[in-house]
Amino acid sequence: MKLSERSKLIKPAVTLALAAKAQTMRAEGVDLVNFTAGEPDFDTPQRIKEAAVQALKRGMTKYTDVRGIEPLREAVAEKYLKEFGLRYGKDEVLVSCGGKHALYNVFQAIIDPGDEVIIPSPYWVSYSDMVLLAGGVPKLIPTREENGFRTTPGQLQAAMTSKSRAFVLNSPSNPTGAAYSLEELESLSRILEQHECLILSDDIYEKIVYDGFRFHSIVSINPKLRERTIIFNSVSKTYAMTGWRIGYALGPAAVISAAAKIQSQSTSNATSIAQAAALEALGGPQDEVKQMVDEFQRRRDLIVKRIKGMPGISCFNPQGAFYVFPNVSSLFGKKAKGKTLLSAGDLAEYFLQEARVLAIPGEDFGSTENIRISYATSLAEIEKGCDRIEAAIKKLD
C-alpha cells in the first residue's frame, strides 16, 4: 500500500513506545525499573477527580465550543494575569487535547513549506517531527552542558535567516531540565526583537522548579514580543493529569483562531468532563502542587548524587522538570560480553538487558552522548535502578 511521503518523514514517539514496552515486560513478570515515564507518578488530586464526577452527574457529556468551555478559557487567562501580569482575552485562548495537540495545531497554522523553525538541541522529541509534518524545516541549535544546556544570544543571532518563522523556547526543558534565568531571557529577547519570527514558549514544566528558581515568561520580560509569542501549557505535569489530555495555547487572536479552525477539522473540542476537571485544577487550592514539587526535588537530589558517583558518567543538575540527562560517552568503546558499545542506544539496550533498567537513548532528543532518565518514580525505585546501573557499568571491559 502506498503511504504519504509525509508519514515517512517522521518517527514513532520513542517515549510512548518505550513506556508500552515497559508495561509489556512487567506484565510478563520482569522485575523492571522504568526510568522512561514523562509523567508524575502521583495520583490526580481528589478535588479534581471529584469535579469530573460532578460534571458527569450534571450531564456535561456533550460537545463544547471547539476552543474550550468559556469558564476554562477565562481561568487560563486569569492565571496568566495573576501570575505574570499578562492580559489575554478569551478569543486569545485555545483549549486542546493536551499540550502536544496545542503545539501541533499552531505549527499547522503558522508554517508554510520551507519555513525554518529554530529549535535548541537537545529538544523534546516531537518538536522536529511536528515541524516536518507542517512542511517546515527544523533548524537545530546545539547547546552544551558547560553552558547549562541553554542557547546563547550569539547562537540565536547566528541561526536567524530570512526563512526563520519561529523559535522554540522550552524552559524548564525536556530532556535536560535546564531553565533560563531572568537575565538570560532578557538577552534572548533583545535578539528576538530584531527579527520578525514568532516565539513558541513551551511552559509545560513552569511549576516544577527547584532550589528557589523562579520561572519567568518571556512576554512579561519583554512586552514588545507579545504579538509574536504563543504560550503553551497544560494541566498534565503540574496536576498529575497526563491521561486527561488538556492543554492550551495563548497568543495573538489571529493565530489562535487559525489553530482553532484546524482543531475543528480534526478532534473538535477537548473532552468535556476533562475540561471541567482542568477548571478545578487551575481555580482550586494549589497545595498539592508544592507537595509534588518538594518530593521531585528530593528525588532529583538523590539521583544526581548517585549518577555523579558512577564511573564514566557526568550529570548536569537540572533546575526543573523531572529528568536528568547524563552524558555516557566515556563508556563508548567498552565491551559487554564481547560486544562493543558504540552509542547511547547501545548503552540503553545494555542497561535493559543486563540491569533490567529502562532509560531512553539521547539520539531521539538530538544528542548522541546522553541518555534520559526520568525520576518521576519513588525514591526506592531510584535507589534500586541506580544500584543496577552502577553494577552493570562495573561489569564493562
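**Figure 1. Packing of helix α12 against helix α14 in the predicted model.** Helices α12 and α14 are roughly parallel to each other, because the angle between them is under 35 degrees. Helix α12 spans residues 287-308 and helix α14 spans residues 379-394; the packing angle is about 15° and the axes are 10 Å apart. The crossing of α12 past α14 is right-handed. On the α12 side the contact is formed by E295, R298, R299, L302, I303 and R306, and on the α14 side by L379, I382, E383, C386, D387 and E390. Sorted by class, the residues of this contact are five nonpolar and seven charged, with no polar ones.

**Figure 2. Surroundings of R388 in helix α14.** R388 has a relative accessible area of 19% and is therefore buried, the limit being under 20%. Apart from neighbours within four places in sequence, R388 is in contact with D31, L32 and V33, and also with A355, R356 and V357. For orientation, S171 lies 31 Å from R388, C-alpha to C-alpha, with their positions 217 residues apart in sequence.

**Figure 3. Packing of helix α4 against helix α11.** The axes of α4 and α11 (residues 272-283) are 9 Å apart and meet at an angle of about 25°. This pair of helices, α4 and α11, is therefore also described as roughly parallel. The crossing of α4 past α11 is left-handed. Helix α4 contributes P71, L72, A75, V76 and K79 to the contact, while α11 contributes Q275, A278, L279 and L282. The contact of α4 with α11 comprises seven nonpolar residues, one polar and one charged.

**Figure 4. Aromatic pair Y80 and F84 within helix α4.** Both residues belong to α4 (residues 70-84) and are four residues apart, about one turn of the helix. Y80 counts as buried because its relative accessibility is 0%. F84 also counts as buried, at 14% relative accessibility. How many aromatic pairs does the count come to? The count is 12 aromatic pairs. In the pair Y80 and F84, the ring centres are 5.4 Å apart and the planes are at 35°, so this pair is tilted.

**Figure 5. Aromatic pair F84 and F215.** Both F84 and F215 are buried. The ring centres of F84 and F215 are 5.8 Å apart and the planes are at 70°, so the pair is edge-to-face. This pair links distant parts of the chain: F84 is in helix α4, whereas F215 is in the loop between β6 (198-202) and α9 (218-221), 131 residues apart.

**Figure 6. Cluster of aromatic rings.** Ring pairs join five residues into a cluster: F42, Y205, F296, F322 and Y323.

**Figure 7. Surroundings of T143 in the loop between β4 and α7.** The loop that holds T143 runs between β4 (137-142) and α7 (153-159). T143 counts as buried because its relative accessibility is 12%. Which residues is T143 in contact with, leaving aside neighbours within four places in sequence? The contacts of T143 are P120, S121 and P122, together with F149, R150 and T151.

Definitions and conventions. Residues are numbered from 1 along each chain as its sequence is written. This is a predicted model: local features need pLDDT of at least 70, side-chain atom pairs count only at pLDDT 80 or more; totals for chains, interfaces and linings use all residues. Side-chain values use heavy atoms; hydrogens and water are left out. Axes are lines fitted to C-alpha atoms, for helices over the stretch in contact, and angles run from 0 to 180 degrees between N-to-C directions. Helices (H or I, at least four residues) and strands (E, at least two) are DSSP runs, numbered from the N terminus. Angles under 35 degrees count as roughly parallel, over 145 as roughly antiparallel, 65 to 115 as roughly perpendicular and the rest as oblique. A crossing is left-handed if the near helix is turned anticlockwise from the far one by less than a right angle, and right-handed if clockwise. Contact means heavy atoms within 4.5 Å. Ala, Val, Leu, Ile, Met, Phe, Trp, Tyr, Cys and Pro count as nonpolar, Asp, Glu, Lys and Arg as charged, and the others, Gly among them, as polar. Rings of Phe, Tyr and Trp (its six-membered ring) pair if their centres lie within 6.5 Å; planes under 30 degrees apart count as stacked, over 60 as edge-to-face and the rest as tilted. Buried means under 20% relative accessible area, exposed over 50%, partly exposed in between (1.4 Å probe, protein chains only).
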